[in-house]
Every structure is written in C-alpha cells, then in structure tokens.
Amino acid sequence: MQGGLLTGLISRQRAAAVGAAELAGHVPGGGRHSARHTHRRDPGASTRPRSGPVRVREAGWRARLGDDLAPVGGFLAGKFVSHVLLGALLGAAGSAVELSLDARVLMQLGAGLLIIVFGLSQLGVPGFRGIVVEPPASWMRIVRRRARSQAALAPALLGLATVLIPCGVTLSVEALALASGSALAGAATMGVFVLGTGPLFAVLGYAARKAATAWRSRLAVVTGLIVLAMGLYTLNGGLQLAGSPLAADRLAEAAGIISPEPVDTSAASTVDGQQTVQITADADSYSPGNVQAQAGVPTTLVVHSDDVRGCIRSFVIPDRDIEEILPVEGDTAIDLGVLEPGQLRYTCAMGMYTGVITVV
C-alpha cells in the first residue's frame, strides 16, 4: 500500500515536471532543444574547464541521481520521524496511542482511492490528467530555490502520514515496541524497522521517477496500470477488512465466478456445552478457510500459530471489533460468545488473507 502511494505520488510529480519543461520549450526565444538542454545540464558545468568532459559528465550523472533520489529520501525521512515518535509513545504510554479498527479501515480505503486517482492520472484519463499532490504554497515558499527540497517535501509529508496507514507487518512491530516498556527501546524498534525496509522503498521510488520521464511512451502506460492495480488491491483489502459485501471475492461468489470455500466440519467440537473452533495460521494462510460451527452455543476460537510471519500475525474479526497480534508459535484463545446463524468473517489487518466461520 505504501509502495503504491509512493510510486503514484512520485510518478505524478515527475510527469508534471516533464510536461512543464516541454511547454517551456515552446516559449518564444527558447526552443525545445535549449529548454531540454537547460533542464539536464549540471549547474556547475559552466564553471569547469572544457578540457575535462569526463568530469563534467560524471558530475552531471551524480546530480541526476541526486534529483531522482530526493523524493524517496524525503519519504523515508518523514516515515522515520513519525515511526520513531510512535515507537517512543508506544513504549512509554502503551496502547493508548493505537488507532481504532474503524479508523484504520477508513485510512486503508482512503489510501486505496488515492492510489487509484494517481493511476488514472498517470494513464491520462480525462478529469484526472492534471492531478498532482503538492504541499500548501506557504510550505513551498520555505524551500523555494531548492528544486530537490521542493521535490522531496510532498513525499516527506506522505512519509509522516504512513504511520496512520494500517499494515499487518507494521502492527506486529508496533506490538514489539509496546512490549518493550521503554520509550527509548520502542523508538529504536520502530526506527530500525524503517531503516530495514528503506532499500525497497528506495528502489520503488527511483524506478517510479525514471519511468515517469518516459511520460509519452508505453512505459508510462505500464506504470499507470501498475499503480492502478495497486490501488484496486489496497481498496479491496479495506473492503475485506470492513466486512463489506463489495469485496472482490464476495462479488465473485455472488456472480458465480468462483465457488465458495468448502465447509470443514471437523474443526469445531463441543464439550460440556462449550464449543471450540480451531483454525491454523501459518506463513501464507488461515486454514481451514471455512469452518462450520453450531449456533446457540458459547464458543471459543483458538488460533494456532505455526511459524506465523508478517501480515497474518494481525488477526481481525471486523464484526466483533476484535483484533489480536498472534505469536509466531503457540495458541491464541478468543471468546466469541454465543454465535448466531450466519457467517462470521475474519481477516488479517490489511484484508489480504481471509477466512469464514459458517454458523448453522
């Protein structure tokens, strides 16, 4: 999700900048060739001796690399600051600073819609072509005359905001910060997490920046389609997390495109009037995906963790407003109370992995 936001934002920034440069090439007194030359030239090249073309090209290459990495650098800097502060709060104050499940659902749906807008804008869909996310003009004046700073400011603000976006992996790390019981240890936990994921975001941001220079080529269309797919995937995860009937798999089931998950009757048992439903969480799924349980009986759901990693560790039952961070190994018991006929769906914190308890 964060990769989609970063890719979409940088692609739109760069595409807008390239379009502005091309328009400037038609201004009287400055042809297209001269405008392009001015845009790409190393600012310090005119002060260097002409006898050193290799040094000029090397400096120009370094300047372009700095320009391309400035936005993702701003994003990572903003993300680092917000996550370190959150880690310190979690370590010192505990769960009082955690977002509610409803708030995280809204954030994920909003993020998905924003990524979709970026994708449609990149593809040149009418009504979306001119969309570029920028900070307020008053903020931009602070960094005027610094092109790289201006390019990095919007991604930096996005990086700050990513601390509010739901992510199962991030929630797992937040649980570690919470368990640390120390502001310093919590800040260190979240800070190291951001540094560890930094290289991947750097690659994504750099690739988006370079791809956007080919705004009028097929590469720009491919970039737009990828960003659009990221947005739809993120939005669908939010719908899953909200338990919405508009989620893709539920629409596909209703239309008969896919068959419902087979019902497993062996995962539920009743002893002395108390029903126990057991499912297993492993590295890439919850199983069985559809468990049959009996209505009208007090029920405990036992989630058995088998080397659980990543997003699956954050276990959510939207209809009950229940959320648990599963251990890597071991069992987690969840009191479901007396079940009523129908379906009780569960999911990871991003709606990527799902399952259902069918109550009859």
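This report walks through a predicted model of one protein chain, from its overall make-up to its sheet, its hollows and a few unusual backbone spots.

**The basics**

Because this is a predicted model, local features need pLDDT of at least 70 and side-chain atom pairs count only at pLDDT 80 or more, while totals for chains, interfaces and linings use all residues. Residues are numbered from 1 along each chain as its sequence is written, and side-chain values use heavy atoms, with hydrogens and water left out.

The protein chain has ten helices and ten strands. Both are DSSP runs numbered from the N terminus: helices are H or I with at least four residues, strands are E with at least two. Of the chain's 360 residues, 43% count as buried. Here buried means under 20% relative accessible area, exposed means over 50%, and partly exposed is in between (1.4 Å probe, protein chains only). Look at contacts between residues at least 6 apart in sequence, and 71% of them join residues at least 24 apart; a contact means heavy atoms within 4.5 Å.

**The five-stranded sheet**

In what order do the strands of the open sheet sit? The order is S4-S10-S9-S6-S7, with mixed pairing. Two strands pair if DSSP finds at least two bridges between them. Strands S4 (290-293) and S7 (322-325) are the edges, each pairing on one side only. From one strand to the next, the twist averages 20 degrees; axes are lines fitted to C-alpha atoms, for helices over the stretch in contact, and angles run from 0 to 180 degrees between N-to-C directions.

At one edge, S4 pairs with strand S10 (residues 354-359) in the parallel sense over four bridges. Val291 stands opposite Ile357 in S10. At the other edge, S6 and S7 run antiparallel, joined by four bridges, and Phe315 stands opposite Glu324 in S7. S6 and S7 form a hairpin with four residues between them.

Strand S7 also holds Glu323, which counts as partly exposed because its relative accessible area is 28%. Leaving aside neighbours within four places in sequence, Glu323 touches Leu101, Arg104, Leu171, Ser314, Phe315 and Val316. Glu323 and Tyr346 are 23 residues apart along the chain, and their C-alpha atoms are separated by 9.7 Å.

**A cavity and a pocket**

Now for the empty space. On a 1 Å grid over the protein atoms alone, a cavity is a set of points where a 1.4 Å probe fits but cannot get out; a pocket is an open set with protein on both sides within 12 Å along at least five of seven lines, and lining residues have an atom within 4 Å of a point. Grid points are joined across faces, edges and corners, and a volume is the space filled by probe spheres set on the points.

How many cavities of 30 Å³ or more does a search of the whole structure find? The search finds one. Its lining includes Leu239, Gln240, Arg250, Pro318 and Tyr346. Helix H9 (218-241) and strand S9 (342-348) are the elements giving two or more residues to that lining.

Among the residues lining the second largest pocket, Tyr233, Met350, Gly351, Met352 and Tyr353 lie nearest its centre. Helices H1, H7, H8, H9 and H10 and strands S9 and S10 each give two or more residues to this pocket's lining.

In the table, Ala, Val, Leu, Ile, Met, Phe, Trp, Tyr, Cys and Pro count as nonpolar, Asp, Glu, Lys and Arg as charged, and the others, Gly among them, as polar.

| Space | Volume | Top contributor to lining | Lining make-up |
|---|---|---|---|
| Largest cavity | about 60 Å³ | S9, three residues | three nonpolar, five polar, two charged |
| Second largest pocket | about 880 Å³ | H9, six residues | 19 nonpolar, 18 polar, six charged |

**Unusual backbone spots**

Where does the cis peptide bond sit? The cis bond joins Ser287 and Pro288, with omega about -10 degrees. Pro288 is in the loop between strand S3 (286-287) and S4.

Asp272 has a positive phi of about 55 degrees although it is not a glycine. It lies in the loop between strand S1 (268-271) and strand S2 (274-281), and Asp272 counts as exposed because its relative accessibility is 82%.

Back at the hairpin, Asp321 is another residue other than glycine with a positive phi, near 55 degrees. Asp321 sits in the loop between strand S6 (314-317) and S7, and at 54% relative accessibility it counts as exposed.
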